[in-house]
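Please look through the structure shown here, taking its overall make-up, its confidence, its cores and one of its pockets in turn.

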Amino acid sequence: MRNVTLLLFFMTATFSIAQEECYLGIGGKDDEVITKVFQLTDAQVKNLTNWGAELKFRNEIYELKLEHLLKKHAQSSPEDLMKMSITYKAYLDSISGNMMLLDKRMLSTFNDEQYNLYIMLCNQLLRSPIATSRSLNEK
């Protein structure tokens, strides 16, 4: 039981650190909300759909590895759990990196009004907005 508690504490701490960035959450269940809140154009909706599918594809392998890692170490010693936690964090970092990459792509398609709304919402949530090159918006 102690091992499970230690593992859950580590996973919670890791997840809360990853929440400091203000992710849009493309590819999740809230794509329709993103579309309505930011009043996306048809081209932006198409990008949102395509990039959401890409994100799912990119992260599927890491999610399977995470599942396998947890099953493999269900009854492990504290030392083994500490080693496993490093691998676990690396997988979570890869998933976060993929989310950041695709959110940046989406944000680069935002016009000034949409991007300013995004910044305002992030500030209300006390999250750091993802910076994106504004020159990409001018294409």
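Of the 139 residues in the protein chain, 32% are buried (under 20% relative accessible area, against over 50% for exposed and in between for partly exposed, with a 1.4 Å probe and protein chains only). This is a predicted model, in which local features need pLDDT of at least 70 and side-chain atom pairs count only at pLDDT 80 or more, while totals for chains, interfaces and linings use all residues. Residues are numbered from 1 along each chain as its sequence is written, and side-chain values use heavy atoms, with hydrogens and water left out.

The chain holds 5 helices and 0 strands, where helices (H or I, at least four residues) and strands (E, at least two) are DSSP runs numbered from the N terminus. Contacts, meaning heavy atoms within 4.5 Å, often span the sequence: among those with a separation of 6 or more, 74% are between residues 24 or more positions apart.

The mean pLDDT, the predictor's confidence in each residue from 0 to 100, is 81 for the chain, and 82% of the residues reach 70 or more. Among the elements, H5 has the highest mean, 94, whereas helix H1 (residues 2-18) has the lowest, 43. The pLDDT is below 50 over residues 1-18, a stretch that has 15 contacts in the model beyond near neighbours in sequence. Where pLDDT is low, the predicted coordinates should not be read in detail.

The largest nonpolar core has 19 residues, and those with the most contacts inside it are Leu 24, Ile 26, Met 106, Phe 110 and Tyr 118; such a core is a set of buried Ala, Val, Leu, Ile, Met, Phe, Trp, Tyr and Cys residues joined through side-chain atoms within 4.5 Å. At least two residues of this core come from each of helix H3 (42-72), helix H4 (78-108) and helix H5 (112-124), and H4 gives the most, with 4 residues. A second, separate core of 7 residues includes Leu 66, Leu 69, Tyr 91 and Ile 95. Returning to Ile 26, its contacts, leaving aside neighbours within four places in sequence, include Trp 51, Leu 55, Leu 102 and Met 106.

Where, finally, does the second largest pocket have its lining residues nearest the centre? Of the 16 residues that line this pocket, Cys 22, Tyr 23, Leu 24, Gly 25 and Leu 125 lie nearest its centre. Helix H2 (31-37) and H5 each supply at least two lining residues, with the largest share, 3 residues, coming from H2.

Key
On a 1 Å grid over the protein atoms alone, a cavity is a set of points where a 1.4 Å probe fits but cannot get out, and a pocket is an open set with protein on both sides within 12 Å along at least five of seven lines; lining residues have an atom within 4 Å of a point.
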